[in-house]
Number of protein chains: 2
Amino acid sequence: MFEINSPLNNSWIPVAVDSDFPIQNIPFGVFKTQRSEPRCCTRIGDTIIDLAALAENGYFDDIEMDSSVFYSSTLNDFMSCGKSVTSKVREQIALLFNSQNPEFPNQQKSEILYPADEVLMLMPITVGDYTDFYSSIEHATNVGKMFRDPENALLPNWKHLPVGYHGRSSSIVVSGTDIHRPKGQILPAGVENPIFSPSRLMDFELEMAFITNRSTELGDSIPVENAEEYIFGFTLFNDLSARDIQKWEYVPLGPFLGKNFGSVISPWIITLEALEPFRVEGPVQVPEVLPYLKTTGKRNFDINLEVYLQPEDSSPSLICQSNHKYLYWNIAQQLAHQTINGCNINSGDMYASGTISGPTENSFGSMLELSWGGKKDIHLADGQTRKFIQDNDTIIMKAYAQNGSVRIGFGDVITKILPAK
Amino acid sequence: MFEINSPLNNSWIPVAVDSDFPIQNIPFGVFKTQRSEPRCCTRIGDTIIDLAALAENGYFDDIEMDSSVFYSSTLNDFMSCGKSVTSKVREQIALLFNSQNPEFPNQQKSEILYPADEVLMLMPITVGDYTDFYSSIEHATNVGKMFRDPENALLPNWKHLPVGYHGRSSSIVVSGTDIHRPKGQILPAGVENPIFSPSRLMDFELEMAFITNRSTELGDSIPVENAEEYIFGFTLFNDLSARDIQKWEYVPLGPFLGKNFGSVISPWIITLEALEPFRVEGPVQVPEVLPYLKTTGKRNFDINLEVYLQPEDSSPSLICQSNHKYLYWNIAQQLAHQTINGCNINSGDMYASGTISGPTENSFGSMLELSWGGKKDIHLADGQTRKFIQDNDTIIMKAYAQNGSVRIGFGDVITKILPAK
C-alpha cells in the first residue's frame, strides 16, 4: 500500500534536505500572484501548487467533491468538505508528485506550479471564533510563581479543566504582517493612577492552534473520543501580549486589550494526517480527570518549537526551544471541554494552546518567563540583551516534527514590532 | 422639513397605541416566509416590509446604493453601506409609508407587505467578534459586594476603563431559540473536587448591545468623538449565565463555558437615529477619565428595560425594571477603548453593555442580584418563587423608549430554558 508518511516517499519536485515541505507534509494555504486572484494551494519544497489549477486539469476528477472550493480566498469551504474528502485530496497530491510518477507536461507545470518566492501567502482561513487555552503546566506554574504564591502556583481549577478564554478573531493575521506596539492604560509601579502610554512590556507567546473543519448545532457536545474528527490541522501561533496593559485590565474578566492588537499565524495549516508519525503520549494527569475529558493513547505531538529574536540590522538569535509534547491538556480534551456545555463550533474556528513552555529555562515560551518577569537579561548573539521586545525587533517562530530525514515544518511566523502609531 | 422622529408623524399602515414599531422607529431585521428566501426588512405596526421588494418596485432608485444588499440573510452588507446610505433608506421608508402619501396599489402591497405573524424572523446579522463589557456601576458594585469586599466592591481599574472581555460569537442566537441548560464542572460548597452536573444556578443578564457598521485597519484607533459614526444601532441582549460553572472556571482568564452556551438577541436592530430623541446625559465620571475616553453631551439613552419570568403553564411576572441610562460607560467610550490599542473592527461586530442594573432592588438586571446570591426569594405573580431559572421557565426581555405617544421598541427577547440534554 502507498504510504505518504513513509520516509521512502519522494517527489519529482526538488526538495532541500532541511525543507519544511517534503512530499510527506502537504500543507494547505492560500496564495495569490500579481496576475491571479487568491486560490487554495499546497507546497512541496520551494514550489507552490495551485489546487484550483490541479482541479482544472482534471487531477481531482476521481474524488467526489465540489472543486470550486479551491477558488477561494480561504480554506474554510475546503475544510468543510470533511476528512473523507480532504484526506483523499492529500493522498492524490502525494501520488501526483511522487517521483515514481511522470512529471507534468511543461504547459501544465506553468499553469499549476509557482516558485514560492514569487507568490504572496495570505491569511489561510476566515477565523470564526478563537479560543486561547492555557494548557502548559510549566507556563501556568511559572506565571503562578511570579505573580501569585510560589508554593501554590497553580490555581485549584487548573488540573481539573483546560482553562481557556475567548479571544479576538479580527486581529489574527498571517506571518509577515508587521504589528505596531499597542498603546493603552498601564499602571507603573508606585503610581496611583493609570497613565496612557505605549506598552513597555511587549512580549510574544509561543503557541500552536488547531482549526476545526465543520459545524455543530447549539446544544450539542463533541465526545472526547471523536474530537479529532473535527480537527483539520494545526498552525503555529504567536499570541503577542502587552504585559503591562494586561496586568492593569485583566481582573476580573480576563485578558482583553493586552492581547487583541495582533496575533500572528503561519501561512500553512499542517493536517493531523501529516503529524500521525509524531504522536506521543502526554503527561500523566493526576488527579484523574472527569469522564468527559478522559483520553487514551498518543494524543500529543512531538513538534519542535523555536523562537528567534532578530534586532534591526542584526541576525536572529535562538532564545527559546520548546515542544508541543509538553502540553498537559491535549486537543481532544480542549475541544470536548469547549463544547461540553452545548457551545457550537464552526469550520474555521481556531483553538490556541496557550504558551507552550517546557521544563528547562531555555524552553520557556515567552519573554515574561525567559526574563523571569524582567529580572534577568536574555542574551542575544550580537551582544545585545533584552527583557521584552523592543521597537523594530522581529520575532521568528519555527515549528517542525522530525523523523530521521523527514521534516514536517509549518513555515516561519515572522512578526516585526513597529513603534507605536 | 420632514421630521421622522416627530410624534406627529403617522403611517397609512395601522399601528396600535402600544406598538413597539410606529413609523418613527423603522427597525431593521431579516425575515423569511414559507415561500421566500431570507431578505432584509423593516416593520411598521404588525406589518413586515420587504426591503428587497421595495427596491424591486423602484422605491429606492433615488438613493445611490447597491440594492442587492437587501437580498441577504444578514444585515451586514446593508450596514456596511454606511450611514450616508442607511439613514437615507430610513428616511425614504418614513416618507413612503407616511399617512400623507398614498397607499401602495394592492399588487405592490402583496409583493412588499407581510403580516408579522406569518413570517419567521431570523438572526439579523452575522456576528464577527463579540465583546461583553461590564459597564453598569450598580451591577459591578453588587457583584463586588457579594463576592469580594463590601467596603471596596469596585476593583481599582473599574472607574478608569470600561472593563470588558471577548465572548463567543457562534452561540449568539435570535429571540425564540430555546436553550438547553448547560452541563459542566461545578464545585458545590463543602466539596473538595469538582463534579459534572447540569448547572444549578442558571441566570439571565439584562443587556443591550451595539453593532458596528464598518471595518477599520489593524493598528488604527477610533477617536471617541467619532465613535458613534461606526455604530449602526442597538439590539436587546440576554447574556445567559451559568453562575456555578462560571465561578469554578473563571480564575484567572475570565468567563468561558459559564457564558458561551447561548446568548439571545432581539430580531430587530434599532438605529441610533431612531433613538436620537431619547438621549440623556450619563452619570458624572469621577475620577476624570483619560483623554482618549473623554466625551461630552448626551451619550446615554433613556430606554426602559423589563424582564419577565414565565413558568411553564403560567403567566409572565415582571421581575426587573431597569434603564439603559444607568450605564456608567457609554458606547463611544466602549468603542474608543476597544480600538485604542489598534484592535481592528468589522461590520457586524457586537458590543454588549454588561448587565444593566439600576440603583433600586427591583432594577437589578440578573437573578444573581435580584436573589442576592440565592439568599432571597424572587416572588412571581402566581405565588411561585425563584432564586435562579428553573427548567422550562421562559425569560422575556422588553426594551422601549417612550416619548409621549411614541414608543420605540426593540421587540421581545424570548428564551425558554429546556432541561439539560
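A salt bridge is taken here as a side-chain nitrogen of Lys or Arg within 4 Å of a carboxyl oxygen of Asp or Glu, and a search of the whole structure finds 44 of them over all chains. The model is predicted, so that local features need pLDDT of at least 70 and side-chain atom pairs count only at pLDDT 80 or more, while totals for chains, interfaces and linings use all residues. Residues are numbered from 1 along each chain as its sequence is written, chains are lettered from A and ligands numbered from 1 in the order in which they are written, and side-chain values use heavy atoms, with hydrogens and water left out.

**Exercise 1. Describe the interface between the two domains of chain A.**

Step 1. The domain assignment, which is automatic or comes from a database, gives domain 1 (29–121) and domain 2 (130–418) of chain A. Their centres, taken over C-alpha atoms, are separated by 30 Å.

Step 2. Contact, meaning heavy atoms within 4.5 Å, involves 15 residues from domain 1 of chain A and 17 residues from domain 2 of chain A.

Step 3. The buried area, which is the accessible area (1.4 Å probe) that two parts lose on being put together, summed over both, is about 1,300 Å² between domain 1 and domain 2 of chain A, with carbon and sulfur atoms giving 61% of it. On the side of domain 1 of chain A, the most area is lost to domain 2 of chain A by Met79(A), Lys83(A) and Arg90(A), which together make up 51% of what that side buries.

Step 4. Between domain 1 and domain 2 of chain A the count of salt bridges is zero. Five residue pairs, both residues at pLDDT 80 or more, are in polar contact across this interface; such a contact is a pair of N or O atoms within 3.5 Å, where within protein one must be able to donate a hydrogen and the other to accept it, and residues adjacent in sequence count only if both atoms are side-chain atoms.

**Exercise 2. How many residues of chain A are in contact with chain B, and which salt bridges between the chains can be named?**

Step 1. In chain A, 57 residues are in contact with 57 residues of chain B. The two chains bury about 5,300 Å² between them, 61% of it on carbon and sulfur atoms, and in chain A the residues that lose the most area to chain B are Arg168(A), Leu253(A) and Phe256(A), together 15% of what that side buries.

Step 2. Six salt bridges are counted between chain A and chain B. Among them, Lys421(A) meets Asp220(B) at 2.6 Å, N to O, and Asp220(A) pairs with Lys421(B), the closest N and O atoms being 2.6 Å apart.

Step 3. The count of residue pairs in polar contact between chain A and chain B, both residues at pLDDT 80 or more, is 34.

**Exercise 3. What rotation relates chain A to chain B?**

Step 1. Two copies of a chain are related by a rotation about an axis and a shift along it. With the copies superposed by least squares on the C-alpha atoms of residues with pLDDT of at least 70 in both, chain A can be laid on chain B with an RMSD of 0.0 Å by a turn of 180 degrees and a shift of 0.0 Å along the axis.

Step 2. The two copies are therefore related as by a two-fold rotation axis.

Step 3. Gly254(A) is the residue of chain A that comes closest to the rotation axis, its C-alpha lying at 2.1 Å. The same surface serves both copies, since 100% of the contact residues of chain A recur in chain B.
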